[in-house]
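User: I'd like to go through this model and ask what stands behind the labels. Could you take me through it?

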Amino acid sequence: MMYFQTKKKERGQGFIAINVPRYPAELEAYYNIRKSIFCEEQQLFKTSDYDEKDAHAIPIIAVNHYCGSPDDIVGVVRIYEACNREWFGGRLGVVKAYRTFSKYICPNLFKDHQVSSLYKMSIAAGLIYRAVSLANYIGCDKFSAYVQVQNVKLFERLHWSVVATTTLNGVPHMLMEADLDAYPATPIYDGLGTDAIGVLSDLNVA
């Protein structure tokens, strides 16, 4: 859960929670945001970015709350186990109006509230932390992602290293790997705990 530091009189009224989808409507919004970013905005895909990895991937969402009530889903990412204890992340995206949100505190996102301020600089950074730390909690020896060139510096600041260069859907990408020491194993701190995967199973995701 991420509370944004804005004007003092408004502080605490709005926050963004990073979680897995718990309802069909949240899962539908997750896919709709992916489509709007990767199909319509970036035009990496024609009509859908859904692929075979989605059959076993874990979707993660950032949900904007206002006055304590959920409002819109504003960010997405997915993680999946490619082979035994080797995970990948992908489809990281943030709704355009929220890409500049920063300077927030995270009372329920980070274990023991101890985390580098680097992970608090954007919703994307929070999603990256959530993705890798959750995979690490499930069981992870290696976490990688194919990153678009314009996002490489962000990942490097978050303790990722470039492994190789490739082209996906006609766009240059860097294969990058996370330093797992920067992402301590962390479950979802909102009461779901290890039941997060069970929730997804009920939605026919995992």
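User: Let's begin with the largest pocket. How do you know what mix of residue classes lines it?

Analyst: Bear in mind that this is a predicted model. Sorting the lining of the largest pocket by class gives 23 nonpolar, 10 polar and eight charged residues. Gly goes with the polar class and Tyr with the nonpolar one.

User: What is the volume of that pocket, and which residues are closest to its centre?

Analyst: The volume comes to about 890 Å³. There are 41 lining residues, and the closest to the centre are Phe 38, Arg 91, Leu 92, Tyr 146 and Gln 148. Helix H1 (24-41), strand E4 (69-83), strand E5 (86-94), helix H2 (123-139), E7, helix H3 (152-157) and E8 each give two or more residues to the lining. E5 has the largest share, with six residues.

User: What makes E7 and E9 a strand pair?

Analyst: A pair needs at least two bridges. Strand E7 (residues 142-148) and strand E9 (residues 171-178) have five between them and run antiparallel, so they count as paired. One of the bridges puts Val 147 opposite Met 174 in E9.

User: And what makes E8 a partner of E9?

Analyst: The same cut-off of at least two bridges applies. Strand E8 (residues 160-168) has eight bridges to E9, again antiparallel, so this pair qualifies too. Thr 165 has Met 174 as its bridge partner in E9, and Val 147 has Met 174 as its partner as well. E8 and E9 also form a hairpin with two residues between them, and Asn 169 in the turn has a positive phi of about 55°.

User: Which residues have the most contacts inside the largest nonpolar core?

Analyst: Those are Ile 79, Phe 143, Trp 160 and Tyr 183, in a core of 38 residues. To belong to such a core, a residue has to be buried, under 20% relative accessible area, and joined to others through side-chain atoms within 4.5 Å. Elements that give two or more residues are strand E2 (14-19), strand E3 (58-66), E4, E5, H2, E7, H3 and E9. The largest share, 10 residues, comes from H2.

User: What does Phe 143 touch?

Analyst: Leaving out residues up to four places away in sequence, its contacts include Ile 79, Trp 87, Phe 88, Ala 131, Val 132, Trp 160, Met 176 and Leu 180. There is also a second, separate core of 10 residues, with Ile 37, Phe 38, Ile 73 and Val 76 among them. Phe 38 also turned up among the residues closest to the centre of the largest pocket.

User: Why is Arg 85 called partly exposed?

Analyst: The relative accessibility of Arg 85 is 34%. Buried would be under 20% and exposed over 50%, so Arg 85 counts as partly exposed. Arg 85 is in the loop between E4 and E5, and has a positive phi of about 65° although it is not a glycine.

User: What makes a positive phi worth pointing out?

Analyst: Most residues other than glycine have a negative phi.

User: Why does His 159 get the partly exposed label?

Analyst: His 159 has a relative accessible area of 36%, and the label covers values between the 20% and 50% cut-offs, so His 159 is partly exposed. His 159 lies in the loop between H3 and E8, with phi near 70°, a positive value.

Conventions:
Residues numbered from 1 in each chain as written. Predicted model: local features only at pLDDT ≥ 70, side-chain atom pairs only at ≥ 80, totals over all residues. Heavy atoms only, no water. Helix = DSSP H or I, 4+ residues; strand = E, 2+ residues; numbered from the N terminus. 1 Å grid on protein atoms, 1.4 Å probe; cavity = no way out; pocket = protein on both sides within 12 Å on 5 of 7 lines; lining within 4 Å. Points joined across faces, edges and corners; volume = space filled by probe spheres on them. Buried < 20%, exposed > 50% of the residue type's maximum accessible area, 1.4 Å probe, protein only. Contact = heavy atoms within 4.5 Å.
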